[in-house]
Amino acid sequence: MFTALRRYQESLAASVAVLLCIFGVISLQVPQLHQLTTHKTITKESLIRETETEKVRLNLLKQLPSFGFDNLIASWIFLNFLQYFGDDEIRPKTGYSLSPEYFEIILDRDPRFLQAYLFLSSSTSLYAGMPERSIALMERNLKLLSPTVPQKSYYIWRYKGIDELLFLGDSAAAQQSFTTAAQWASVYPDEESKQVAAISQKTAEFLSRNPKSKSAQIGAWTMVLSNPVDIATRDLAIRRIQALGGEVSISSEGVVQVKPPKED
């Protein structure tokens, strides 16, 4: 019994040691750009240098063995990404080009990380201007998922459809994505899923009748609004809806209501 206990303790110690090593390596991946905000002068050269350094770190991290801690690594890198994405002082100066690099790692380690797909879509398609990368990542990982793995994975098909419709203008691909979203959502009995299934199916039908449907585009921008987005994204969505002929009203409680044009 003592021998078995010793082996267990040694195994546990080894696992903890590996875990600490991973934390040590990953901690080096935390973006260093935010440190520049403490300097009185932020030079263009220093920003470029720090961005390139972070890119190298992310590339190295892609090759890091997981030792069975894939989900842990994915969550840690996601926190790194949030710090990178949320640096409102530095990002306008450097852009968001590293966004897809973070998600290459996150989704490779944990393709079931549902929340990550929302940030992938907004940060990579909208902010970094790389919808092709965003869609390619979703397509690659959707092959590993099912309607129930992870729970409510139908949202990923909706994010993909939104990117295809709004940023690539590929209405045929968007129609298929929304159709699949409706099919996957119909598996669930709850009201939220039923509503998603109905809206997704309606959007797909709009696109089948009219590939350039303004109503479908307004619906897609409304989906963007329905997600927890920042003020800049919200304002952009409202402007795009209005440009398509939709009417947007905001209640005193901050609730946004969208009325599509009478004719598409």
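1. Helices here are DSSP runs of H or I, at least four residues long, numbered from the N terminus. The model is predicted. On that footing, P150 sits in the loop between α7 (131–142) and α8 (154–168). The peptide bond joining V149 and P150 is cis. Its omega is about -5 degrees. Check this bond when you read the backbone of the loop.

2. K152 belongs to the loop between α7 and α8 as well. Its phi is near 60 degrees. That is a positive value, and the residue is not a glycine. How accessible is K152? Its relative accessibility is 21%, so K152 counts as partly exposed. The cut-off matters here, because buried means under 20%.

3. The side chain of K152 also has a charged partner. K152 and D190 meet in a salt bridge, with an N to O distance of 3.5 Å. This pair links distant parts of the chain. D190 lies in the loop between α9 and α10, and K152 in the loop between α7 and α8. The two residues are 38 apart. D190 is partly exposed, at a relative accessible area of 24%.

4. Next, the link between α7 and α8. The side chains of E139 and K160 form a salt bridge of 3.8 Å, N to O. E139 is in helix α7 and K160 is in helix α8, so the pair ties together parts that are 21 residues apart in sequence. Which of the two partners is buried, and which is partly exposed? E139 is partly exposed, with 38% relative accessible area. K160 is buried, with 7%.

5. K160 has a salt bridge to E164 too. Here the N to O distance is 2.7 Å. Both residues lie in helix α8. They are four residues apart, about one turn of the helix. K160 and E164 are both buried. Salt bridges that share partners also join K62, E101, E104, R133 and R140 into one network. How many salt bridges does the model hold? The count comes to 11.

6. S200 is a polar residue to inspect. It lies in helix α10 (residues 191–209). S200 is buried, with a relative accessible area of 0%. Where does its side chain find a polar partner? A polar contact of 3.0 Å joins it to the side chain of R158. Leaving aside residues up to four places away in sequence, S200 touches R158, F178, A181 and A182. R158 therefore appears both as a polar partner and in the contact list, since contact means heavy atoms within 4.5 Å.

7. Helix α11 offers a geometry check. It covers residues 214–226, which is 13 residues. Why should it span 18 Å? The expected span is 1.5 Å times one less than the number of residues. The end C-alpha atoms are 18 Å apart, which agrees with the expected 18 Å.

8. The packing of α11 completes the note. Its buried residues are S215, A216, I218, A220, W221, M223, V224 and L225. What do these buried residues pack against? Their partners are α8, α9 (171–185), α10, α12 (231–243) and β2 (256–259). Two of these partners have come up above: α8 holds K160 and E164, and α10 holds S200.

Terms used. Residues numbered from 1 in each chain as written. Predicted model: local features only at pLDDT ≥ 70, side-chain atom pairs only at ≥ 80, totals over all residues. Heavy atoms only, no water. Buried < 20%, exposed > 50% of the residue type's maximum accessible area, 1.4 Å probe, protein only. Polar contact = N/O pair within 3.5 Å; in protein donor to acceptor, adjacent residues only side chain to side chain. Salt bridge = Lys/Arg side-chain N within 4 Å of Asp/Glu carboxyl O.
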